[in-house]
Amino acid sequence: MNPDNKDTALFGSGDELPSNHSSNPHINELIADLGRRQVLAGGAALGALAFLGVSLPGTTQAAEQSSKALGFPFKPRTRLPFTPVAISRADSITVPAGYRATPFIPWGTPITGRYPAFLDDASNSAQDQAEQIGMHHDGMHFFPIDAQRGSGHKSDHGLLVLNHEYIDAPLLHPNGPTSVNGKRVSAEEVRKEINAHGVSVVEIRRNVRGDWEVLPSARNRRITAATPMQIRGPAGGHALLRTRYSPEGKATRGTQNNCSNGFTPWGTYLTCEENWAGYFATRDAELPRELKRYGLRSTSRFGWDTLPGDEFERFDATRKAADASGDYRNEPNHFGWIVEIDPFDPDSVPVKRTALGRFAHEGLIFAPVKPGKRVVCYSGDDSQNEYIYKYVSRDKYRPGRSDGRLLDEGTLYVARFNADSSGEWLPLDIADASFQAACASAGVSFADQGEVLINTRLAADIVGATKMDRPEWGAVHPDTGEVYFTLTNNSSRTTPDAANPRPANAYGHIIRWNEQGRGHAGTRFTWSLFLLAGPETNSRAPNGAPLDASNILASPDGLWFDDEGRLWIQTDMSGSQLSTGPFGNNQMLVADPKTGEMKRFLVGPQGAEVTGIAATPDFRTLFINIQHPGEGSTASNLLGTWPDGPGKRPRSATVIITREDNRRLL
Ligand code: FEO
Ligand code: CA
Ligand code: CA
Ligand code: CA
């Protein structure tokens with residue numbers, strides 16, 4: 001069966017499609033949009049309502065007139081008024097005519113301390129790196145400078161906070177990393193690697209010429225893979241978190257492999273620990289379940305564990321002492337969490353919030369919060385055949401009074417997607433009868449909720465969660481509350497199911513769901529597939545048609561809604577998909593769930609992933625990140641030179657997107 005026929009069989013029969021896959025707008029979207037855009041009320045929007053059989057007081061005549069004028073079927077005015085960008089393999093950024101894309105704060109930009117200048121030969125010291133922007137930008141948020149306790153409105157001044165997911169060691173050092181017999185030999189080198197990880201907080205302002213600048217500010221901060229942190233929530237202080245550094249199991253050092261992000265209604269940043277397991281090594285023959293299920297191995301990715309000294313030995317989880325307070329057997333249990341950072345207080349100690357679960361966290365996205373209601377947030381576990389989770393706080397949101405403690409007490413759920421388009425949230429709660437029954441039936445026991453959370457993946461296995469095609473970012477529609485998640489790809493899927501319909505899923509898809517009942521705190525939902533990524537011959541656009549030259553993509557990853565309900569999609573293709581596929585370089589597209597329209601907005605430089613997205617409240621500035629441009633480069637063999645040009649090492653960087661006429665982006 002060729003891919004075409006397969007897709008027709010899977011999606012053309014109608015029996016597995018849970019809800020509306022047509023290009024029909026959702027009526028609630030139209031009503032919400034109508035309220036916001038009074039200016040359109042006499043025209044397009046009312047025409048659409050009339051088509052759907054909705055009448056509003058005093059509008060019938062206008063609706064009829066506009067319906068007649070427009071004719072049926074109604075075709076709403078595009079909300080994507082730009083010419084789509086063609087695929088490209090250029091070592092540059094392409095945006096539509098009328099837009100500007102300007103690189104900003106590349107790796108090595110000085111932001112604090114002595115403000116050490118970036119040296120083109122990468123000879124900056126480890127200490128310099130601790131005062132400069134880290135490598136490999138990923139998730140990001142713009143906090144208006146007046147957003148200290150939550151919402152803010154300033155669009156020309158704020159704190160840009162961003163993750164540095166990992167490093168390209170060959171580019172971080174003048175001639176790459178040094179090692180002898182598989183062991184690292186330079187503490188200075190490894191310290192520089194540790195300092196190139198983590199998070200940057202940068203105060204930025206738009207000057208009178210309209211250009212964004214970094215301010216020399218006491219708020220500028222680097223958080224690295226060595227920064228002291230606290231561990232709170234049900235697993236804080238657990239016996240399985242005891243280490244030589246923290247015999248109490250409540251403190252740790254650093255955050256790493258920080259991928260997508262989140263931000264709270266109370267004005268803090270959330271960074272997410274994704275592929276952290278590879279930073280550790282253990283030579284123990286038998287691994288406890290809390291290490292085994294997360295893929296700990298006998299060698300680590302960068303070999304930090306092979307140097308002597310406590311700051312490096314902590315990456316060696318081998319049992320060496322009589323008990324856990326004498327070694328770092330439990331150090332890997334300090335990772336895989338969501339970390340909360342107060343960007344407005346440079347002295348604040350970041351906090352790992354264990355109630356949100358331990359896995360390869362890719363972001364934490366909040367449902368709209370309402371005063372007096374519990375907060376609800378979503379997080380994907382980005383690994384093949386892992387799960388999507390939801391957290392519901394125990395306590396209610398009180399604007400101006402609530403803080404990160406809302407993320408310490410609550411219920412963590414994992415998703416099951418049924419074939420009939422229904423879905424269930426299954427609690428991973430030791431006090432819950434259904435969870436207890438599932439544990440008993442699986443013959444698994446947990447001592448307490450802390451142990452459940454340290455073993456989140458195992459707990460989710462036990463309750464029968466649905467294995468997904470690598471959940472990456474989530475986004476919640478600002479008007480409808482519908483939740484969207486990217487499922488980037490899954491080469492190891494052998495058994496398709498309704499929610500992950502393609503075997504060996506090379507291209508990825510986007511799933512979405514509506515929570516049932518009031519708010520997002522319930523346990524049932526209804527899901528559908530929004531997009532099947534891929535080439536023209538194996539894809540389905542949001543409007544039900546195959547994708548075309550204006551919007552083919554693969555491996556969707558970053559996902560974000562602007563405040564008018566347009567969905568921005570970023571891709572992370574790699575390997576042959578990037579070099580020989582029909583998709584060109586990684587890209588960013590915009591989709592309108594209301595109409596099903598979707599267009600490519602940006603193409604990134606060679607070898608790079610496009611990831612991370614944030615906007616100013618006035619939507620005149622959009623920030624995105626370009627990660628690992630010229631991937632695979634070494635000092636003597638540059639495969640790309642963005643953004644500095646010929647002869648210069650490629651550097652991850654933020655990109656500022658504005659319109660040439662300085663109006664709203666869309
Ligand atoms: Fe770091 Fe799942 O992307
Ligand atoms: Ca990434
Ligand atoms: Ca990602
Ligand atoms: Ca990815």
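I started with Gln627, which counts as buried at 0% relative accessibility. Worth keeping in mind throughout: I'm looking at a predicted model.

Next I looked up what Gln627 does with its side chain, and found its OE1 among the donors of the calcium ion (ligand 2). The others there are Asp138 (OD), Glu165 (OE) and Glu609 (OE), with Glu609 listed twice. The distances run from 2.2 to 2.9 Å. Along the chain, I get the spacing D-x26-E-x443-E-x17-Q for these donor residues.

I then checked where the ends of that pattern sit. Asp138 is in strand β2 (residues 137-144) and Gln627 is in strand β31 (residues 622-627), so this pair ties together parts 489 residues apart in sequence. Asp138 is buried too, with a relative accessible area of 0%.

Is there another ion to look at? I asked it this way: how many Å separate the calcium ion (ligand 2) from the calcium ion (ligand 3)? I got 4.3 Å.

On to the calcium ion (ligand 3). Its protein donors are Glu362 (OE), Glu472 (OE) and Asp557 (OD), the last of these listed twice. They lie 2.3 to 2.7 Å from the ion. Here the spacing reads E-x109-E-x84-D. Glu362 belongs to strand β15 (residues 361-366) and Glu472 to strand β22 (residues 471-476), and that pair links distant parts of the chain, 110 residues apart.

Last lookup for today: are Glu362 and Glu472 buried or exposed? Both are buried.

Methods. Residues numbered from 1 in each chain as written. Chains lettered and ligands numbered in written order. Predicted model: local features only at pLDDT ≥ 70, side-chain atom pairs only at ≥ 80, totals over all residues. Heavy atoms only, no water. Donors = N, O, S within 2.8 Å, 3.2 Å for Na, K, Ca; no water. Helix = DSSP H or I, 4+ residues; strand = E, 2+ residues; numbered from the N terminus. Buried < 20%, exposed > 50% of the residue type's maximum accessible area, 1.4 Å probe, protein only.
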